[in-house]
Amino acid sequence: MLVKLKFQKDMNKQELVSAIAEEAGITKADAEKALNGFVKVTKETLAKKESIQLIGFGTFSISERSARTGRNPQTGKEIQIAAKNVAKFKVGKALDESIN
């Protein structure tokens, strides 16, 4: 059973929970627990600089962005931008094919 949603610009968390519950045939409370668990495990895994690969869906990973020099757009003055880690998501082949 595939859930068909009306096209909308964004889906919020409660709408996602409802869609998961309907698709999986579980309660909204169980769907929310599962979604919250996925988010928590994803955050913890990425914090350890490890990746999560879901075959056909995509890969969550961390990329290191090095320090660089930028410019303040208002003043034109050079500023130093610190190095930081950024989260990345690379779309899997099956997901890419399903949306194109």
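**Group meeting: a walk through the model**

Let me start with one residue. Phe 57 has a relative accessibility of 39%, so Phe 57 counts as partly exposed. Phe 57 sits in the loop between β1 (52-54) and β2 (58-65). Keep in mind that this is a predicted model.

What does Phe 57 belong to on the surface? Phe 57 is part of a nonpolar patch, together with Phe 38, Val 39, Leu 54, Phe 89 and Val 91. The area of that patch is about 460 Å². Which elements each supply at least two of the patch residues? Those are α2 and β5, with β5 running over 84-91.

Phe 57 also has a neighbour from far along the sequence. The C-alpha atoms of Ala 94 and Phe 57 are separated by 6.4 Å, with their positions 37 residues apart along the chain. Ala 94 belongs to helix α3, residues 93-99. Its relative accessible area is 44%, so Ala 94 is partly exposed.

Now the N-terminal side. Helix α1 covers residues 13-24, which is 12 residues. Does the length fit, and what span should we expect? At 1.5 Å a residue, α1 should span 16 Å. The end C-alpha atoms are 16 Å apart, so the model agrees with that expectation.

How does α1 begin? Asn 12 caps the N-terminal end. A side-chain oxygen of Asn 12 lies 3.1 Å from the backbone nitrogen of Gln 14. And after the helix? Gly 25 follows α1, and its phi is positive, near 70 degrees.

Which residues of α1 are buried? Val 17, Ala 19 and Ala 21 are among them. Part of their cover is α2, residues 28-47.

Between α1 and α2 there is a loop, and Ile 26 is in it. Ile 26 has a relative accessible area of 37%, so Ile 26 is partly exposed. Leaving out residues up to four places away in sequence, Ile 26 touches Ala 21 and Ala 31. Recall that Ala 21 is one of the buried residues in α1. For a distance across the model, take Ile 26 and Gly 56. They are 30 residues apart in sequence and 24 Å apart in space, C-alpha to C-alpha.

On to α2. I will take Thr 45 and Val 41. Thr 45 is found in this helix. Buried or exposed? Thr 45 is buried, because its relative accessible area is 12% and the cut-off for buried is under 20%. Beyond residues up to four places away in sequence, Thr 45 touches Glu 50, Ser 51 and Ile 52.

Val 41 is in α2 as well. With a relative accessible area of 46%, Val 41 is partly exposed. Its C-alpha is separated from that of Ile 52 by 9.6 Å, at 11 residues apart along the chain.

Next, charges. How many salt bridges does the structure hold? Three.

Take the pair within α2. Lys 40 and Glu 44 meet through their side chains at 3.9 Å, N to O. Both lie in α2, four residues apart, about one turn of the helix. Lys 40 has a relative accessible area of 52%, so Lys 40 is exposed. Glu 44 is at 41%, so Glu 44 counts as partly exposed.

Then there is Lys 49 with Glu 64. Their side chains meet in a salt bridge at 3.8 Å, N to O. This pair links distant parts of the chain: Lys 49 is in the loop between α2 and β1, Glu 64 is in strand β2, and they are 15 residues apart. Both Lys 49 and Glu 64 are exposed.

That leaves Glu 78 and Arg 71. Their closest N and O atoms are 3.6 Å apart in a salt bridge. Glu 78 is exposed, and so is Arg 71.

One more look at Lys 49, this time at the backbone. What is the phi of Lys 49? It is near 60 degrees, a positive value in a residue other than glycine. Why point that out? Because most residues other than glycine have a negative phi.

To recap. Phe 57 is in a nonpolar patch of about 460 Å². Helix α1 is capped at its N-terminal end by Asn 12. Lys 49 combines a salt bridge to Glu 64 with a positive phi. I will stop there.

Conventions: Residues numbered from 1 in each chain as written. Predicted model: local features only at pLDDT ≥ 70, side-chain atom pairs only at ≥ 80, totals over all residues. Heavy atoms only, no water. Expected span 1.5 Å × (residues − 1). Buried < 20%, exposed > 50% of the residue type's maximum accessible area, 1.4 Å probe, protein only. Contact = heavy atoms within 4.5 Å. Polar contact = N/O pair within 3.5 Å; in protein donor to acceptor, adjacent residues only side chain to side chain. Patch = residues over 30% accessible without salt bridge, like charges linked within 9 Å, V, L, I, M, F, W, Y side chains within 5 Å. Areas by Shrake-Rupley, 256 points an atom, 1.4 Å probe, with all protein chains shown as cover. Salt bridge = Lys/Arg side-chain N within 4 Å of Asp/Glu carboxyl O.
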